[in-house]
Structures are given as C-alpha cells and as structure tokens.
Amino acid sequence: MNKSYFLPIAAALVLFGFTGCKDQGTEVDRPDPVFELSDNVIQATVEGGVYDVNYVLANPVEGAELELVSDSDWVSDPDYSAEGKITVTVAPNWGNADRNANLHVTYTYGEGLVLEDDVVVHQVYAYDVNSILEDFSGAYFYGRESNQANYAIYLSDLGTDENGTFVAGCTVYRLDLHSDTEPADYADITFPEGTYTFDALDATTSFYGKVNAAGDAWETTAYIDDCTINVTRDGETTIIDGTVTTKDGLVHHVYYEGAAKVGLYSAEGFGMIDHDIEIVDAHLSSNPSYVDGNDEVMAISLGIAGTPEGGDWMNPYTHLFVEMYAPADGRRILPGTYTIGNSQDAYTLYPGYVDPNTLYCMGTYAQYVQGGSAVIALASEGTIDIKDGEDGRTYTVTVALKTAQGFSITGTYVGELNVTNIPGSSFSTLEDDYTVKMDEINYTFGSYYGDEYGTGGGHFTWEMTGPFEQTPDKYLTDGTGEAVYFDIVSSSMDYNAGPSTGTYKAAIDPEAPKPGEYVPGYRTSGGMNLINGTYYTGAYEDGYVSVAAPAVSGDLNITNHGDGTYTLSFAFDDGMGHTWDGEWTGSLGFMDWTWLYGSSANTSRPNYVERRMAPAQTEADEAVNPVQYKIKTLPSL
C-alpha cells in the first residue's frame, strides 16, 4: 500500500496465497521465510521517474509486513501492489552533483521476527547549468515570411523592470521556435504543447544570457546549438521542461511552471492590440496636414486621440493616425466615405504598415497608449466617413476600421478639419510662433462695403500699422515695423454701429464669406503677388514685403464697446504650423464706401499702400510629424 511522502514508511503488506507448508498448524513443519533484494544499486537518470525495487521472497508468512524506508526525500511513494517488486518515485536531480539515497527494506513476520536488506539509488547530474525559471514572456509574430507559425519565448529567473528591461543578475533564455499550429484565438494566444527539437529552433535568434551586476550589459551570452523542449499544459498552468546545449558545449536544464500567455506582435517585433479599441471623447491631436498631391488628389495626414479615463494620462487611451487621399481642394477635406485601399485614389485610406527601413508605423494605424508606451493596431480594412455639419464648418468623422486579426478601431470626432498648409494657401515667412507688438500700432484705417458678398452681413476691412514711412508712390521704405490687416463679414450691416462683437472664424468659402467669418490671407496670382485678406507684415525690403504671415485658421475675437472703441484678440495659424497672435484696445474708424462703389465685390478698392511680396518668394509645404510613443517590444537588456 502507499504511505505518506517523505516520512518513515510503516507500510504493511499481507501476503496471500503462499502457505509454504503442508500443515500450517504445526510450527516445525513450516520452513523459515527467505527475503532478499535483487539489486544492491539502482541507477536513476537525471530526469528521475518511477523505478522498481525488485526482491525475492520464499516461504511467505500470512500476516507479514513489508516496509521500505528512504533516508532521502527525493525517493518517495512506495507501492507494494505488485508481487516481487516495490515501485518508488525518484524526483529530477536539479541540484549540482550526483546523489545517493539509501533504501532500507524489512520483512516482519511472526512475533517480531524481521528480515531486512538495503539498496542504494544513485542518481546522476548530467547538466552543466540548471535553471529553475520564474518569469515568462512570449510573442507570436504575425505576418512573418514563413510557412510555419513563429513563436518566441523568454524564460528568466528574475524578470524585467517596469521598462521591460531584464534586471541585474538575471538569467535569460530566448527560444525562437516554429510550429505548425497557428493561434486559434488572437485574443488569447497560448504557446502550443508538444516536444520541440533543434530543427524547430531558429539558431540565429535563440540564446542564453546572463545580465551583469550593473544591469547594463550581458555578462555571458551563447547561442543555442541543440535542444529538446517539452511543453505540457494543465489548465492555466504550462510546464516547460527540457535541455538546451549552447555553442560553448554546456548543457542547460531549463524548467518553468506557471502562466504562459503569448502576446501578439508584428513581424518586426512591435506589440499589437489583442482586443477592440475605441477613441473616446475624440479630439484632433494633430491638425490635418498636406503631405503631397497633384491636380486631382492630395495626401493628407491627421491625428485623432481620445481622452484618457478620468483625464489621467497613465490610463489607457487610443490615438489614431490617418493617411488619407482626398480630392484636390484649395482649403479643406471634402466630405465622403474614405475606404482602406492601396490605390492612393481619391476617397481612400492607405493601410497601416511598419516601414522595414525605418521601423516607423506608417499609413493608417492606431496606438493603444498606457503609461507612455503603446501597442499598435494596423488598419487593414474599413472606412472613415466624413459628413459636413449644418454650419458648413463642423464635420462629423466616424471611424470604423479593423486590423488583419479582426480587432476593431472605432470612434467619432466632431469638429473642424482645416488643412492649413496646402501649397498656395500660405505665404508665411515665420519660422516660429510670434506675438505681434500691438503696442507699436499708431495708425488705423477702416472701410465698409455693405453686403457686397450677398451673404447677409456687413463687409468691414481695416489695417493697423506701426511707424512705417511712406514714399510718394505708395511704396513703403525698407525697414521693420508691425502691421496687421483684417477682412471680416459682420452680422451687423449698420455702418454706424461698426463690426459686431463675436468670435470670427476663417471663411469656409473665401469668395463668399458669411457673417461671423474672416477672409483668410491670400496672395494674388498673375505675378503681382498682392497680399489681401487677413494677414500680418513685419518688414519691407526693396519695396516688397519681406516678413509676412496669413491668417489661414484660428480665431479673431472682437468686442465692440459701442463708443467707437474695440478690444481685439487673435491667435491665427499661418498655414505652416506657426501661430501669430496679439491683443489691442483702442478706437477704430470706418469709411463708408457703399455710396461710391455700391455693393459689388468685384469693384476695385482704394488701397492705402500696395503690399506685394517679391516674385521669388518660395513656399514651404512640409507636413507636421505626428506624435509618437514608445511602442511595446519584447524584453531587452
């Protein structure tokens, strides 16, 4: 019978069927029993297992007891059920030397009569290095060019820190294996069971290493030359048990027992999402930016991010980057349904991918961000639908994308989609943000033209300049000085009342601005390079404007105090990623030109000074780079 493990064994076996004499009632007629073990030494392998302690028993006595006692706890669980042998379990030898266990077997019969014998279990230690490992991380590489599934596992004794870096003194094994088994569920990937031998191992990426005491370099590294790895699973517990031989000839025993979930990674080794993600409380993280284009299509990049839970940026949130191809338009993204595809035709979105040369994510992709690091979601199908709002300015953007693994990227953004750097829409010379020195303004001149655009509002323009000197031929002399020019349509058509209080936005259609809008700054074609609309100038050279910036987007806030004085504050985008802003309070006067010119928008206007840019002025059209986060990768040193 089996008795308790690791305690002296008081096992009893009643032997039946062996009488040993003709007359059991007569003592003198019964021969004495004979008991003897068949072997003096049992050789056990390093892996251990179940071994037989064979014995010979002659003339057994009814009611006798057979007992095996081990002096070592690594030999246990004696089983007496079979005739002629006692089976014992020998544990694996994970120590650092060969070892012996003494087994004492007794056969007790009659009135305390005992027969006894001994056997030694000798167990070898066949490994040069024995590693009992506590930490597991693994990857399934999606999209690698192979006809087999590619899994990589890291086993270590001390694990990694919060940055995914192996800690000082850590022992590490990377096993990069190939399997015929693809993941059945990308949301719950497990490392397949089975026996992995060296022909399934990628010898160029599988290695053993030990981190130095400082934690900043490998103290020891060696590639693996041979292996036999057994993987079994009991519920949620995975057992990885095997040997690896490194190229320096050392044999390592590797053992791990515990959870072994495998992460989803791109072919390049970047962590990928394994669940659906949503953009919550979406806002623009990077304004739509012109990247490239022709007369028919323009490539636009933009970013949409959600607000983290509770506003805490350590909480997870989704950040979507979009590469879209829109019909060519001078100022905006046209509404419509944009679909994932490789054609780069109008109304398409380029699929997400990792550039193999730079290892940057490109195309249309998302990052699921938590604590400053992220996993990626490469969009491979789906749409982004853009609809105009009733005001013609506010868009509704509905995201419905999917990854190749079937996980969704969804969300809704409501707001503006101004593209500020389309070639020709900006003539800015600014190289940084700039605040206009409005306290240097010493001259203002305004005009009123009635409802010349036919949009139901009063058209007002005014210029505010500093100490420039004017030559008789209406050209400004060389030098620097602040000047700002405004061109708006007010909700009020009362010339005497002046422009209405409100926040004015860039006109959606600059040729037909509506009440509450300003005309963005622009430069005329035909070689004259005249500047018009809403803009800033800061210097002249050879009679031409040499420092300038248009108002392509942003807000102009006007407060009409009702007594001929106004407070102005503005913050405009120059179309090249720079902001120019300022504040001012003072008197503004306007001349009514409707009595002379009527309300025709095509009528030539009196121009206090012609403001032209030199014909050789160049335009910058560089795209704004999206924000990047640290992408999750496999553990590193």
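The following conversation works through how some of the descriptive terms apply to this predicted model.

Trainee: What is the overall make-up of the protein in helices and strands?

Mentor: The protein has 1 helix and 46 strands. Of its 637 residues, 44% count as buried, and among contacts between residues at least 6 apart in sequence, 61% join residues at least 24 apart.

Trainee: Why is C170 called buried?

Mentor: Buried means under 20% relative accessible area, and C170 has a relative accessible area of 0%, so the term applies. The reasoning for C227 runs along similar lines: its relative accessibility is 3%, and therefore C227 counts as buried too. As for disulfides, the structure holds 0 of them.

Trainee: Why is the pair of F207 and W218 called edge-to-face?

Mentor: Two values have to be set against their cut-offs. Ring centres must lie within 6.5 Å for a pair, and planes over 60 degrees apart count as edge-to-face; the centres of the F207 and W218 rings are 5.7 Å apart and their planes stand at 80°, so both conditions are met. This is one of 32 aromatic pairs in the structure. The pair links distant parts of the chain, with F207 in strand 15 (residues 207-211) and W218 in strand 16 (residues 218-234), 11 residues apart.

Trainee: What makes F207 buried, and why does W218 count as partly exposed?

Mentor: The dividing values are 20% and 50%. F207 has 16% relative accessibility and therefore counts as buried, whereas W218, at 29%, falls between the two values and so counts as partly exposed.

Trainee: How do you know that R99 lies over the face of W74?

Mentor: The distance limit is 6 Å from the ring centre, and the charge must also be within 35 degrees of the ring normal. R99 is at 4.2 Å from the ring centre of W74 and is assigned to the face of that ring. R144 likewise lies over the face of F141, at 3.6 Å from the ring centre.

Trainee: What makes strand 12 (residues 171-179) mostly covered, and which strands pair with it?

Mentor: Of the 9 residues in strand 12, 8 are buried. Pairing requires at least two bridges; strand 11 (residues 149-156) and strand 12 have 8 and run antiparallel, while 4 bridges join strand 12 to strand 15, also in the antiparallel sense. As individual examples, A152 has D176 in strand 12 as its bridge partner, and T171 has K210 in strand 15.

Trainee: Why does T245 count as partly exposed, and which residues does T245 touch?

Mentor: Partly exposed covers values between 20% and 50%, and T245 has 22% relative accessibility, so the term applies. T245 lies in strand 17 (residues 237-246) and touches I224, D225, D226, L250 and V251, not counting residues up to four places away in sequence. T245 and Y208 are 37 residues apart in sequence and 9.6 Å apart in space, C-alpha to C-alpha.

Trainee: Which residues touch the most other members of the largest nonpolar core?

Mentor: They are L320, M324, I333, I384, I386 and L401, in a core of 74 residues. Strand 29 (residues 373-388) gives the largest share of this core, 8 residues. Leaving aside neighbours within four places in sequence, the contacts of I384 include L320, V322, Y338, L349 and L401. Another core, of 27 residues, lies apart from it and has I441, W462, I558 and W580 among its members.

Notes: Residues numbered from 1 in each chain as written. Predicted model: local features only at pLDDT ≥ 70, side-chain atom pairs only at ≥ 80, totals over all residues. Heavy atoms only, no water. Disulfide = S-S within 2.5 Å. Buried < 20%, exposed > 50% of the residue type's maximum accessible area, 1.4 Å probe, protein only. Core = buried A, V, L, I, M, F, W, Y, C linked by side-chain atoms within 4.5 Å. Helix = DSSP H or I, 4+ residues; strand = E, 2+ residues; numbered from the N terminus. Contact = heavy atoms within 4.5 Å. Phe/Tyr/Trp six-rings, centres within 6.5 Å; stacked < 30°, edge-to-face > 60°.
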